[in-house]
Amino acid sequence: MRAGKIALIIFIAVDIVAALLLLPFREWFKQFEQYVQGFGALAPVVVALTYVVTTVLFIPGSALTIGSGTLFGLRTGFLVVFVGANLGALCAFLLARTLLREKVARWAEENPKFHALDLAIGRQGFKMVFLTRLSPAFPFNFLNYLLGITAVKTGAYVLANLLGMLPGMFLYVYIGAAARDALVGQANTTVGFYQQILKYVGLLATVAVVVVVTRIARRALREAEQQQEASMTTGPPRLDAEHKPLAVEKMMLTDDAHDKQLIENCHPPKWVNPAPSGKYNLVVVGAGTAGLVSAAGAAGLGARVALIERSLLGGDCLNVGCVPSKGMIRAARAAFDSRNGTEFGVHSASAPEVSFSSAMERMRRLRAGISAHDSAERFRKLGVDVYLGHGRFEGPSTVAIEGKRLEFDRAVIATGARPAEPPIPGLAQSGFYTNETIFTLTELPRRLAVIGAGPIGCELAQAFQRFGSRVTIITDGVEILPKEDQDAAAVVRKQMDHPTGRR
Ligand SMILES: Cc1cc2nc3c(=O)[nH]c(=O)nc-3n(C[C@H](O)[C@H](O)[C@H](O)COP(=O)(O)OP(=O)(O)OC[C@H]3O[C@@H](n4cnc5c(N)ncnc54)[C@H](O)[C@@H]3O)c2cc1C
């Protein structure tokens, strides 16, 4: 401990002793004692209740703690403060929890720092509360409300309070009790000089113990915070809060009847999340193909299942992947075949007219029809609790969603993938489509560059080409379809290069 701190403690202790000797405490104390004794046997109860009220009203309670020691002596004074402070702390905590917790939990989802703290307190509730209670750096009244808005469990909070406040409480009540003995001692010569000395030595010892305990608590708190930070990278799974989903309005045509129907099925605007009733056997985060199959399978076996989806149920496959691309490809093949029927003996007098917008409308209609199978309502009927919103793990067995906390035995993370933006200079400025936005097109682009020559890039490139766009595929490999057999890839490229494919 630095010399300055020791000097300060000695200075305060000397001040207290000098004040006890010089100020007219005896008169003040008598008046105060008379008033409280007017309540008779109920006096300790009245003081304890006063403690509860002052705590809830945010009025600092140190004077009342010392006063209890002065009024009732060490034993009863301590009991009064113990009951009053713990009850008051619980009332303030429950008030904050009831009025503010849900709002704060929602806000925390957007604030990584507070969220990390919240996570730490939720996970190591007892330890964190116990250590903060031991350290006087955290003001008592403020902490009651602050902890109420965090994820700490009520049981852990109560237990940590009961134990963590003991040293500080004892110190203050001791100071009060010592003052009482001093005051009474001035009037009553039966309390001997040596007994007084013993009281002050006891007081100094108590101060020293509290200072040491506080230092240990602070160090342990720092270590707990560091451990927490480390576990954020290696601990239970986290979902990436920064990867926000694309707004549904950018993936769908909100004024189109088919897309409206799909949204109504897969992200019903009026959907009300269920109230979690007990622990789930399985929580599934992400309602794409993988998540839907997991949830339906588990529910079919009789498990209690929660399914969480922040965007559209059905995920990529239904909304912006397999289904729309196959819908488009089918129409593109029809366009291609109608132009190239001669090979099969099909002749037509005039060139067929291909309407890209009609083909896309057909795709949206089919997709909306299929969406009923992945709908929130269908999964509800299968016995799955469907939650719409961003799921976030709070601990090894807790997921937070829209201010609710879901407890689970097992979890499936089926959060899929998002398109990446390649670091190509000027790309962001010129604008581009991804699989999440390309299916909203209603007019055929005259020219199209496709970056990436995997199966998705190739199939979309071919479809657009068959509708009539001039398409260029850009790849950093020597051949398209780099993950396939290169001889097979060469056959596909030849087909795509073939002039009839472009007509
Ligand atoms: C254009 C295109 C064509 C394709 N064609 C085919 C094909 O013909 N055949 C084929 O087999 N595959 C195809 N695929 C691939 C197929 O779509 C994917 O493999 C499949 O969708 C992956 O499913 P998933 O459940 O793993 O993930 P996804 O479908 O991506 O679902 C993940 C879901 O998790 C949700 N989510 C993410 N984070 C959170 C969170 N924190 N809280 C709540 N929800 C969250 C997302 O919103 C999403 O709905 C195609 C893909 C594309 C892009």
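Which polar backbone atom is 3.2 Å from a nitrogen atom of the ligand? In this predicted model, the atom belongs to R310, whose backbone lies at that distance from the ligand nitrogen. The ligand is a good place to begin a tour of the structure. Taken alone, the ligand exposes 1,000 Å², and the protein buries 74% of that area. The shell around the ligand draws two or more residues from each of several elements, namely α13 (289-300), β2 (305-309), α14 (315-320), α15 (322-339) and α19 (455-467). Of these contributions, the largest share comes from α14, with four residues.

Altogether, 30 residues surround the ligand, and the closest are A290, E309, D316, K326 and G391. By residue class, the shell comprises 12 nonpolar, 13 polar and five charged residues. Two further pairs of atoms can be singled out here. E309 places a polar side-chain atom 2.6 Å from an oxygen atom of the ligand. T289 instead approaches through its backbone, with an N or O atom 3.1 Å from a ligand oxygen.

The residue R310 also leads on to a contact within the protein. The side chains of R310 and H390 make a polar contact at 3.3 Å. H390 is found in the loop that runs between β3 (384-388) and β4 (391-395). Is H390 buried or exposed? With a relative accessible area of 17%, H390 is buried, because the cut-off for that class is under 20%.

Attention can now turn to charged pairs. The structure holds 10 salt bridges, and a few of them are described here. E377 and R380 meet through their side chains, with an N to O distance of 2.5 Å. The two residues are three positions apart in helix α17 (residues 376-381), so about one helical turn separates them. Both partners fall in the intermediate class of accessibility: E377 is partly exposed at 30% relative accessible area, and R380 is partly exposed at 44%.

A comparable arrangement is found in helix α20 (residues 486-497), where D497 and R493 lie four residues apart, about one turn of the helix. Their closest N and O atoms are 3.8 Å apart in the salt bridge. D497 is partly exposed, with a relative accessible area of 44%, and R493 counts as partly exposed at 34%. Beyond such pairs, salt bridges that share partners join R101, E394 and R405 into one network.

The salt bridge between E436 and R418 has its closest N and O atoms 2.9 Å apart. This pair links distant parts of the chain, the partners being 18 residues apart. E436 sits in the loop between α18 (427-430) and β7 (447-451), while R418 sits in the loop between β6 (404-413) and α18. Which of these two partners is buried, and which is partly exposed? E436 is buried, with a relative accessible area of 7%, whereas R418 is partly exposed at 32%.

Two alanines give a view of buried positions in helices. A160 has its place in helix α8 (residues 154-164) and is buried, with a relative accessible area of 0%. Along the chain, A160 and T132 are 28 residues apart, and their C-alpha atoms are separated by 9.5 Å. A461 lies in helix α19, one of the elements that give two or more residues to the ligand shell. A461 is likewise buried, at 2% relative accessible area. The C-alpha atom of A461 is 6.3 Å from that of V471, a residue 10 positions away along the chain.

The surface offers a contrasting picture. Y35, F39, L42, V45 and L49 form a nonpolar patch there, and together these residues have about 510 Å² of accessible area. One of the members, V45, lies in helix α3 (residues 43-56). At 43% relative accessibility, V45 counts as partly exposed, because that class spans the values between the 20% cut-off for buried residues and the 50% cut-off for exposed ones.

Note on methods
Residues are numbered from 1 along each chain as its sequence is written. This is a predicted model: local features need pLDDT of at least 70, side-chain atom pairs count only at pLDDT 80 or more; totals for chains, interfaces and linings use all residues. Side-chain values use heavy atoms; hydrogens and water are left out. Patches are made of residues with over 30% relative accessible area and no salt bridge: like charges are joined within 9 Å, nonpolar side chains (Val, Leu, Ile, Met, Phe, Trp, Tyr) within 5 Å. Accessible areas come from the Shrake-Rupley method with a 1.4 Å probe; for residues, only the protein chains shown count as cover. A salt bridge is a side-chain nitrogen of Lys or Arg within 4 Å of a carboxyl oxygen of Asp or Glu. Buried means under 20% relative accessible area, exposed over 50%, partly exposed in between (1.4 Å probe, protein chains only). A residue is near a molecule or strand if one of its heavy atoms lies within 4 Å of it. A polar contact is a pair of N or O atoms within 3.5 Å; within protein, one must be able to donate a hydrogen and the other to accept it, and residues adjacent in sequence count only if both atoms are side-chain atoms. Ala, Val, Leu, Ile, Met, Phe, Trp, Tyr, Cys and Pro count as nonpolar, Asp, Glu, Lys and Arg as charged, and the others, Gly among them, as polar.
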